[in-house]
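Subject: Structure handover and notes

Hello,

Here is the structure for your files. My notes on it follow below.

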Amino acid sequence: MAPIKNKEAIILAIDIGKNSSLQDLDGKTSLEKSLFCASMILKRKLLSESKDDLALILFGSSTTNNSFSSHGSFFQNIEIVCNLGVITWDLLQFINNISSTDVEHSDWLSTLVVATDILKNENKSKVFTDLQIVMFSNCTDDISLDQIDSLITCIQHLNIRLTIIGKDFDDILLNSEIEKFLTETKATAVDFESVIPHLSHYKSKGVSPRAWNIPLDFGNIFSIKVIGYKKIDEVPNTFKWKLCKNHDTPDSITPLVKHTSYYYEENDVQVNINRDNIIDGFRFGDTIIPVSDLDINAFGYKSGPKSLQVLGFTKAKNIQKSFLMDGGSYIFEPNEEDYVAFSAIFKAMIDREKIMIVRKVYMSNCMPNISAMFPQTEDDKNFFVLVNLPYAEDEHLFKLSSLKSFEPNNDQKNAVRKLINAMDLNNDEDTLFMPENTYNPELQFMYNCIAQKAINKDKLLTDNVPMYIQSILQPPEKIMENAKQPISDLKKIFSFGNKISNKNVINDSVPLELGNNKEEIKTKKKCVITTYSPVEDFNKLLEEGIDPKIVCQTMKKLLVDLIESSSSLEELKKTAPILRALRQFYIHNNDVYFYNTWMYHVKDSVLLSGKGEMWSQFMDSGIGLITNYEVKSSDVSLEQSQNFMKHETNDEDIIKDFIIDEDDLTKEFF
């Protein structure tokens, strides 16, 4: 029988005997760690929509349920909870409710006999691609070794992968027979401390790489057949949400079918219109230009058939790093027919430090991309990495301040070198924060919430973010401990701005920590500021005693959204009353530092959204920086405020200053 495609048979065997309830040095029992690992294995399988079959065996149980129970005392207290079958949320809930027993003896070797027998029998009717036994045990009990040779033979014959989680190979109390067993079965033995970090993260559904067979064309002269695979996705992972009827019972959910209706208003009356009578319209200022079905083909750009065409070669240094920060990437390897030509071009590009600029059309008449192809070698394999480059319309040009006039002294250079050495991630063997080891905290939190809700359908979700998710993008304790002294030295050597008194300061620049303060979350839900009457809403919330920090955050977010969505000076000036209200609030509370600092963010929002020519006129609304002429505690002079309100740009200077200098000052620190 042919193997079931990508389907594994997995048996989880968990020790729940008396010894499993003993606490380790970290204060947790072996059983607690075993159940966490087992539940995470099931959650990962469920959320990745795995088709694998799984069975559960408990040993050291107060119940005996196995086919060998009549063969002697060795097979007592071994319970088969469920045979190989589809993984379910009910099984996960059962595992979460398991507790230890008072059974003194947990025979892990006899349990392996039972597990191997299950795999042997099931594999006759279902041929799996892989057979696994994962056993959770500290292997402290004395066991009978009478059947160890036949067990070794069976595991070898079935090619079963055996993993024992609890203690590593060296910590298990070995005699020559057990050592022979672990060696000849090629078993893996790991302790909980090694395996828990790897099981603490959810995995998305696996997708088989889809090959893109395409000729790499060099004009009309010749082409090389290459095979491309998507390496990094261009879009983030999404979840399969469905609209459902409210008030359904947890066991009976009614999905809804969405239907869209169209209407127009005539004399304040809604008139429905059929979808067939609708055409597209392009808004150009105040004018809407109709685009009929007959015009659609003319409006669509025709890029031609799918292709990968070489436009030329350039030095790698000509492609700025900022160009490579968005979009997906592909890797390309040669078709076996064109290995020699591929290798010749690859080596020439390496020798001359060149990269290839190509035009990529993924499917016929799709949007063409201009891309860079870099030669790369990994594990003795040569391939090209393709990354999309931006078009002129995608790039924002802006003037960067030059650092050439700021020369650090030797003490400053040494202080920075020490900080870099202290926080050097290359010293860590775990390759911290490498993409393959760094999980998206938002996705991990969402997976965790889905798992909670699936197990406890009637309970409200807890808003606490688990520590293992919070720690994903936090510097390790070891790194921060090493960096304490260098950071302290930096504070003494460098001037980081004026110190601000904490008195009466509303520090709304510090982000709220998610899930740590239920009162703050409730307050944020009450704090609503509308675009219809933002100033009135702002003042009303303050009068009601809502936390000013939360009110100001909400007001600022609304302001930035309105600035970025505005399309004219008139629309931009509508945000001026919001800024004036915030300005007056900060003057009243003597917190001018935070207002002035945040105003630079407002300026960036205006300039980066392409409204630089409107900036000076926008500032005429009397919403500039708070100067020391108005409030004595301000460190901003009238001259500084006037310079802030100006925006004079020379396109040639922008382009010149935007090019990154190869003699960057930061190189002196390395």
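Is cysteine 527 buried or exposed? With a relative accessible area of 5%, cysteine 527 is buried, because the limit for that class is under 20%. Please keep in mind throughout that this is a predicted model.

Cysteines

The disulfide count is zero. Cysteine 527 takes part in none, and the nearest cysteine sulfur belongs to cysteine 552, at 9.1 Å. A disulfide would need the two sulfur atoms within 2.5 Å, so a separation of 9.1 Å does not qualify. Cysteine 366 has a relative accessible area of 27% and is partly exposed.

Overall figures

The protein has 670 residues, of which 36% count as buried. Its secondary structure comes to 21 helices and 17 strands. Taking contacts between residues at least 6 apart in sequence, 72% join residues at least 24 apart. The exposed area is about 42500 Å², and carbon and sulfur atoms supply 51% of that.

Aromatic pairs

The count comes to 16 aromatic pairs. One of them joins tyrosine 330 and tyrosine 362, with 6.4 Å from centre to centre and 40 degrees between the planes. That angle makes the pair tilted, because stacked requires under 30 degrees and edge-to-face over 60. The two tyrosines are 32 residues apart and link distant parts of the chain. Tyrosine 330 is in strand S14 (residues 329-334), while tyrosine 362 is in the loop between strand S15 (354-361) and strand S16 (369-378). Tyrosine 330 is buried, at 6% relative accessibility, whereas tyrosine 362 is partly exposed, at 30%. Both tyrosines belong to a cluster that ring pairs form with Trp212 and Phe332.

A second pair consists of phenylalanine 342 and phenylalanine 346. Their ring centres are 6.4 Å apart and their planes are at 20 degrees, so this pair is stacked. Both residues lie in helix H8 (residues 339-352), four residues apart, which is about one turn of the helix. Phenylalanine 342 and phenylalanine 346 are both buried.

There is also a charge over a ring: the charged end of lysine 603 sits over phenylalanine 644, 5.0 Å from the ring centre.

Helix H14

Helix H14 covers residues 534-543, and Pro534, Asp537, Phe538 and Leu541 are buried in it. These four residues span an arc of only 100 degrees around the axis, so they are on the same side of H14. The face turned away from that buried side carries Glu536 and Glu543, which are exposed. After H14 comes glycine 545, with a positive phi near 85 degrees.

Alanine 13

Alanine 13 lies in strand S1 (residues 8-15). Its relative accessibility is 1%, so alanine 13 counts as buried. Which residues does alanine 13 touch, not counting those up to four places away in sequence? They are Ile57, Phe59, Thr111, Val134, Met135 and Phe136. Leucine 56 is 43 residues from alanine 13 in sequence, and the C-alpha to C-alpha distance between them is 6.0 Å.

Regards

Note on methods
Residues numbered from 1 in each chain as written. Predicted model: local features only at pLDDT ≥ 70, side-chain atom pairs only at ≥ 80, totals over all residues. Heavy atoms only, no water. Phe/Tyr/Trp six-rings, centres within 6.5 Å; stacked < 30°, edge-to-face > 60°. Buried < 20%, exposed > 50% of the residue type's maximum accessible area, 1.4 Å probe, protein only. Lys NZ or Arg CZ within 6 Å of the ring centre and 35° of its normal. Arc of directions from axis to C-beta. Contact = heavy atoms within 4.5 Å. Areas by Shrake-Rupley, 256 points an atom, 1.4 Å probe, with all protein chains shown as cover.
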